[in-house]
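Reader: Could you take me closely through one part of this model and then connect it to what lies around it? I would enjoy a walk that goes from single residues out to the wider fold.

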Amino acid sequence: MCAAVCAGAAAWMTADTDQGVRRGRLMLAGGVAMSPTPVWDWGRWRPVARRLRGEWACLPVAVVLAVLGESVLPLVLGAVAVPLVGRWLRAGELRRARERRSDAVIALCGGIAGELRAGRQPAQALSAAGRATGALGGAEAAVLAAARFGGDVPGELRRAARAPGADGLAGLAACWLVSVDGGAGLAAGLDRLEAGLRVERDQREGLRAQLAGAWSTVVVLALLPVAGLAMGWALGAEPLRVLLHTPAGWGCLLVGGLLETAGLCWAARIVRAGERP
């Protein structure tokens, strides 16, 4: 034990000496002492952490169930669930991005109208509001170039309106095409367009609030099998052993999984049909 402690102390002193030598060489070479690179550099691991999405949480849960149930079947189901959960998470991200883009388009209309009333020309107002709101997305350079050099601004706006959530840019293109010769007319048209887009957004939010109860029902249906397994485990019935190690349990797991999936898809389809405008 003493020999190990002495060896560790000697290694630490050697490393510290080497570090001092390296620092001295840096000072003599450039006149500035640079701090040593830490062993755990979070910057190297940040890209890896970004690639680890939420769907990979299925694997630790599958490992826990595999250990508790002493079976590899949860591992197989967890691996199958990863792409399905990933697709569901990406759909949610796309929906949120679409809503943010829609809000940015509303802000763009209001910003252009405000810039016009402040005395700016339509091209200058579009450039200022477009950079401030980010509503133009990847088409920002093309739209602003067309506005600055006298290009086809309505055409570029209509092309930008094809992006998800950017439907309001088509209305902006129509207002620009009709009223670009007079700033006041364009500002009035943009005010009406902004009001209409806000009404549509409020209607969507109100409908989503009314359907919150239906989505809660879908979540409860999804959690019922988990609650049943927890109750069986609390009663000492060992449901995991029955499901994972007996032919009857395998049949119940297969039939129950199919029925659960069909029920969730059916309920989600009904709720989504109600969300459509």
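Author: Happy to. Let us start with Ser71, which is in contact with Ala66, Leu244 and His245 once its neighbours within four places in sequence are left aside. Please keep in mind throughout that this is a predicted model. Ser71 sits in the loop between helix H3 (58-69) and helix H4 (73-117). Is Ser71 buried or exposed? With a relative accessible area of 17%, Ser71 falls under the 20% cut-off, so it counts as buried. The side chain of Ser71 also reaches towards the start of the next helix: one of its polar atoms lies 3.2 Å from the backbone nitrogen of Leu73.

Move on a little along the chain and you come to Pro74, a residue of helix H4. Pro74 is buried too, with a relative accessible area of 8%. Setting aside neighbours within four places in sequence, Pro74 touches Ala62, Leu65, Ala66 and Leu244. Ala66 and Leu244 are therefore contacts of both Ser71 and Pro74, by the heavy-atom definition of a contact. The link to Leu244 spans a long stretch of chain: Pro74 and Leu244 are 170 residues apart in sequence, yet their C-alpha atoms are 8.6 Å apart in space. For the chain in general, 53% of the contacts between residues at least 6 apart in sequence join residues at least 24 apart.

Now let us step back to the whole chain. The protein chain has 12 helices and 0 strands, and 25% of its 277 residues are buried. The largest nonpolar core has 33 residues, and those with the most contacts inside it are Leu108, Ile112, Leu126, Leu169, Leu172 and Leu190. Two or more residues of this core come from each of H4, helix H5 (122-133), H6, H7, helix H8 (168-179) and helix H9 (183-210). The largest share is that of H4, with 8 residues. This brings our starting helix back into the picture. As general background, nonpolar side chains in soluble globular proteins tend to be buried together.

Leu126 is a good place to see how parts of the chain meet. Leaving out neighbours within four places in sequence, Leu126 contacts Ile112, Val143, Leu144, Ala147, Val153 and Trp176. Several of these names will return in the next helix pair.

Helix H6 (residues 140-149) and helix H7 (residues 153-160) pack with their axes 9 Å apart, at an angle of about 170 degrees. Since angles over 145 degrees count as roughly antiparallel, H6 is roughly antiparallel to H7. On the H6 side the contact is made by Ala142, Val143, Ala146 and Ala147, and on the H7 side by Val153, Glu156 and Leu157. By class, that contact has 6 nonpolar, no polar and 1 charged residues. Val143, Ala147 and Val153 belong to this contact, and each is also a contact of Leu126.

How much of H7 is buried? Of its 8 residues, 6 are buried, so H7 is largely enclosed by the rest of the structure. The buried ones are Val153, Pro154, Gly155, Glu156, Leu157 and Ala160, and what covers them includes H4, H5, H6 and H8. At the N-terminal end, H7 is capped by Asp152, whose side-chain oxygen lies 3.2 Å from the backbone nitrogen of Gly155.

Glu156 is the charged residue to look at in this setting. Glu156 lies in helix H7 and is buried, with a relative accessible area of 19%. Away from its neighbours within four places in sequence, Glu156 is in contact with Ala142, Val143 and Ala146. Glu156 and Ala142 are 14 residues apart in sequence, while their C-alpha atoms are 6.8 Å apart in space. The side chain of Glu156 also has a polar partner, forming a contact of 2.8 Å with the side chain of Arg159.

Terms used. Residues are numbered from 1 along each chain as its sequence is written. This is a predicted model: local features need pLDDT of at least 70, side-chain atom pairs count only at pLDDT 80 or more; totals for chains, interfaces and linings use all residues. Side-chain values use heavy atoms; hydrogens and water are left out. Helices (H or I, at least four residues) and strands (E, at least two) are DSSP runs, numbered from the N terminus. Buried means under 20% relative accessible area, exposed over 50%, partly exposed in between (1.4 Å probe, protein chains only). A polar contact is a pair of N or O atoms within 3.5 Å; within protein, one must be able to donate a hydrogen and the other to accept it, and residues adjacent in sequence count only if both atoms are side-chain atoms. Contact means heavy atoms within 4.5 Å. Axes are lines fitted to C-alpha atoms, for helices over the stretch in contact, and angles run from 0 to 180 degrees between N-to-C directions. Angles under 35 degrees count as roughly parallel, over 145 as roughly antiparallel, 65 to 115 as roughly perpendicular and the rest as oblique. Ala, Val, Leu, Ile, Met, Phe, Trp, Tyr, Cys and Pro count as nonpolar, Asp, Glu, Lys and Arg as charged, and the others, Gly among them, as polar. A nonpolar core is a set of buried Ala, Val, Leu, Ile, Met, Phe, Trp, Tyr and Cys residues joined through side-chain atoms within 4.5 Å.
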